[in-house]
Amino acid sequence: IYYIILDGVNSFNICNQELQSLGTGIYLGASVIDHSCQPNALATFEGTTLYVRTLETLPYLDWSKVSY
């Protein structure tokens, strides 16, 4: 796990409402979401709880792509 955090693979930068970094987290459920340089979803946080919010209507949730 230590290597994964250092490498940044499938990890999310946890930010507060002012987008200040609070740390890095690994979220098993969210790790299946694909990366895109043109994302159609956004990862947001309330505390350390991660929410994935789509930026457009998607026919299937598994078509979500985030930038991480």
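This is a short tour of a predicted model, to be followed with the structure open in a viewer.

**Stop 1: the whole chain**

Show the protein chain as a cartoon. Its secondary structure consists of one helix and six strands. Following the sequence, the order is α-β-β-β-β-β-β. The chain has 68 residues, and 25% of them count as buried. Now consider contacts between residues at least 6 apart in sequence: 38% of these join residues at least 24 apart.

**Stop 2: the hairpin**

Select β1, residues 11-15, and then β2, residues 21-26. These two strands run antiparallel and are joined by five bridges. To see one pairing, pick cysteine 15 in the viewer: its bridge partner is serine 21, in β2. Together β1 and β2 make a hairpin, with five residues between them. Select leucine 19 in the turn, where phi is positive, at about 60°.

**Stop 3: the largest nonpolar core**

Show side chains for Phe12, Ile14, Tyr27, Ala30, Ile33, Ala41, Phe45, Leu50 and Val66; these nine residues form the largest nonpolar core. Which elements give two or more residues to this core? They are β1 and β4, the latter covering residues 41-46.

Stay with phenylalanine 45. Not counting residues up to four places away in sequence, phenylalanine 45 touches Phe12, Asn13, Ile14, Cys15, Tyr27 and Leu50.

**Stop 4: alanine 30**

Next, select alanine 30, another member of the core. Alanine 30 sits in the loop between β2 and β3, where β3 is residues 34-35. Is alanine 30 buried or exposed? Its relative accessibility is 7%, so alanine 30 counts as buried, the cut-off being under 20%. Leaving aside neighbours within four places in sequence, alanine 30 is in contact with Phe12 and Leu50. Add valine 52 to the selection: valine 52 and alanine 30 are 22 residues apart along the chain, and their C-alpha atoms are separated by 7.9 Å.

**Stop 5: the largest pocket**

Finally, turn on a surface. Rolling a probe the size of a water molecule over the atoms shows where empty space is left. The largest pocket has a volume of about 400 Å³. It is lined by 19 residues, of which Cys15, Leu19, Ala43, Thr44 and Phe45 are the closest to its centre. Two or more lining residues come from each of β1 and β4. The largest share, six residues, belongs to β4. Colour the lining by class to find 12 nonpolar residues, six polar ones and one charged.

Methods. Residues numbered from 1 in each chain as written. Predicted model: local features only at pLDDT ≥ 70, side-chain atom pairs only at ≥ 80, totals over all residues. Heavy atoms only, no water. Core = buried A, V, L, I, M, F, W, Y, C linked by side-chain atoms within 4.5 Å. Buried < 20%, exposed > 50% of the residue type's maximum accessible area, 1.4 Å probe, protein only. Helix = DSSP H or I, 4+ residues; strand = E, 2+ residues; numbered from the N terminus. Contact = heavy atoms within 4.5 Å. Pairing = 2+ DSSP bridges. 1 Å grid on protein atoms, 1.4 Å probe; cavity = no way out; pocket = protein on both sides within 12 Å on 5 of 7 lines; lining within 4 Å. Points joined across faces, edges and corners; volume = space filled by probe spheres on them. Nonpolar A, V, L, I, M, F, W, Y, C, P; charged D, E, K, R; others polar.
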